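Biologist: I would like to go through this model with you, label by label. Please tell me what earns each label.

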Amino acid sequence: MTNVGVVGAGVMGIGVAQDLAQKGHSVVLVDNNPEALDEALAKIELDCRLSRMLGGPAVDSEAVLASITAGTSLELLAETEVVIENITEDWELKSALYAQLDVVCKADTVFVANTSAIPITKLAALTSRPDKVMGVHFMNPVPMKAACEFIPGYHTSEQTKDTVRALLDSMGKKSIPVNDSPGFVSNRVLMLTVNEAAFLVHEGVADAKTVDEVFRSCFGHPMGPLETADLIGVDTILYSVEVLYEQFNDSKYRPCPLLKKMTDAGLHGRKSGEGFYVYQSMG
Amino acid sequence: MSNDARTQIRTFITTKFPDVTFSDEEDIFALGFVNSLFAMELVMFIEKAFGTRIPNEELHLGNFRSVALMADLVARQTSAAVG
């Protein structure tokens, strides 16, 4: 059992915390928003209850919740062995957080960035322990996904890689190593696909349902790109495309104005009850 | 109660999928227009609309395959709460 800190109670942080707790680890979930923590615990309980129905194992929701300590103070992470960071894809927020984590955590605590586009080496440089920082790109929904991208930074040590690989093994996840680059493999392709799909809707070429239908029926994908955007979070898609644009300085990563408009309007996808589609909300 | 439940459940589904026609007994998953993620929405809707918490042993796709089966599930929960 590893004592793992999870920072950020958004879609990914919730999934990571739940999956770790389901696999017998002790989890400290930290977010600066107490309401987000309440919602996170409610979502974890619901997901555990529905696990079997959605094709996963039967999960004891009470045992999972008992393994998770939730709070708003980073001090709670003082005794953790590994911290997995899942906050908003925003460089200002991330740089402030890593500097704080470096102070509150033990000297040998490993930091894992569950970032989707920001380079790991750049995050590691914010700390006094660049050898103990690496990236893991978990896939959503985390408890249902059997693999993840495994991204060492320039200075990541072999010991750190071994620690993180062992943790991922315990979660039943295959680690697929890729080199550090903005967006890695998955999001460099996926975010551009979703962005272009949003342009199709924005330009009136096809509505969201039709775009997704092409991917489902013609390519045999289980979900279309805009359903996927709603699952990931429309705001997260926008931030990731913006990060790719900033990192590569290439206009092919220009974000679709529709993504900006939807993000401003609070149409963030499944988590907000509406995105490209409308959903039953938890509230 | 059961007819009322059927109406509410049917309204919830047809609001989301206005182009699809199906009977109360038809398997909505077999018809292919909903996926397992929608099953999660159905659970949340039923618990909220009928003020019940579905016990874990009842949380399987077999109870959510048709409007009729979902209405039966609601009826069982309601009678259990009364009894």
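Modeller: Helices here are DSSP runs of at least four residues, and strands are runs of at least two, both numbered from the N terminus. The model is predicted. With those names, A:Asn249 can be placed: it sits in the loop between H10 and helix H11 (257-264) of chain A.

Biologist: What makes A:Asn249 exposed?

Modeller: Count the neighbours. A residue is exposed if 12 or fewer other C-beta atoms lie within 10 Å. A:Asn249 has 7, so it is exposed. Its phi is positive, about 50°, although A:Asn249 is not a glycine.

Biologist: A:Phe184 has a positive phi of about 55° and is not a glycine either. Is A:Phe184 buried or exposed?

Modeller: The cut-off for buried is 20 or more other C-beta atoms within 10 Å. A:Phe184 has 22, so it is buried. Look for A:Phe184 in the loop between S8 and helix H7 (186-202) of chain A.

Biologist: How do you know which class A:Glu158 belongs to?

Modeller: Again, 12 or fewer means exposed. A:Glu158 has 9 C-beta neighbours inside 10 Å, so it counts as exposed. A:Glu158 lies in helix H6 (residues 158-170) of chain A. A:Glu158 and A:Asp131 are 27 residues apart in sequence, yet their C-alpha atoms are 8.7 Å apart in space.

Biologist: Now the helices. Why are H9(A) and H10(A) called roughly perpendicular?

Modeller: Helix H9 (residues 225-232) and helix H10 (residues 234-248) of chain A cross at roughly 100°. The range for roughly perpendicular is 65 to 115 degrees. The label therefore fits H9(A) and H10(A). Their axes come within 6 Å. A:Ala229, A:Asp230 and A:Ile232 of H9(A) meet A:Val234, A:Thr236 and A:Ile237 of H10(A). That contact has 4 nonpolar, 1 polar and 1 charged residues.

Biologist: What makes H1(A) oblique to H2(A)?

Modeller: Helix H1 (residues 11-22) and helix H2 (residues 34-50) of chain A pack at about 55°, with axes 10 Å apart. Roughly parallel needs an angle under 35 degrees, and roughly perpendicular starts at 65. The angle makes H1(A) oblique to H2(A). Their crossing is right-handed. From H1(A), the contact uses A:Ile14, A:Ala17 and A:Gln18; from H2(A), A:Ala40, A:Lys43, A:Ile44, A:Asp47 and A:Cys48. By class, these residues are 5 nonpolar, 1 polar and 2 charged.

Biologist: Which strands of the sheet in chain A are edge strands, and why?

Modeller: Follow the order of the 8 strands: S3-S2-S1-S4-S5-S6-S7-S8, in an open sheet with mixed pairing. Strand S3 (68-71) and strand S8 (174-177) each have a single partner strand, so one side of each has no neighbour in the sheet. Neighbouring strands are turned by 25° against each other on average, direction ignored.

Biologist: How do you know that S5(A) and S6(A) pair?

Modeller: Pairing needs at least two bridges. Strand S5 (residues 110-113) and strand S6 (residues 133-137) of chain A have 3 bridges, and they run parallel. One bridge partner of A:Ala113 in S6(A) is A:Gly135.

Biologist: Where is A:Pro141, and what is the peptide bond before it?

Modeller: A:Pro141 is in the loop between S6 and strand S7 (147-152) of chain A. The bond from A:Asn140 to A:Pro141 is cis, with omega near -5°.

Methods
Residues numbered from 1 in each chain as written. Chains lettered and ligands numbered in written order. Predicted model: local features only at pLDDT ≥ 70, side-chain atom pairs only at ≥ 80, totals over all residues. Axes fitted to C-alpha atoms, helices over the stretch in contact; angles between N-to-C directions. Parallel < 35°, antiparallel > 145°, perpendicular 65-115°, else oblique. Left-handed = near helix turned anticlockwise from the far one by under 90°. Contact = placed C-beta atoms within 7 Å. Nonpolar A, V, L, I, M, F, W, Y, C, P; charged D, E, K, R; others polar.
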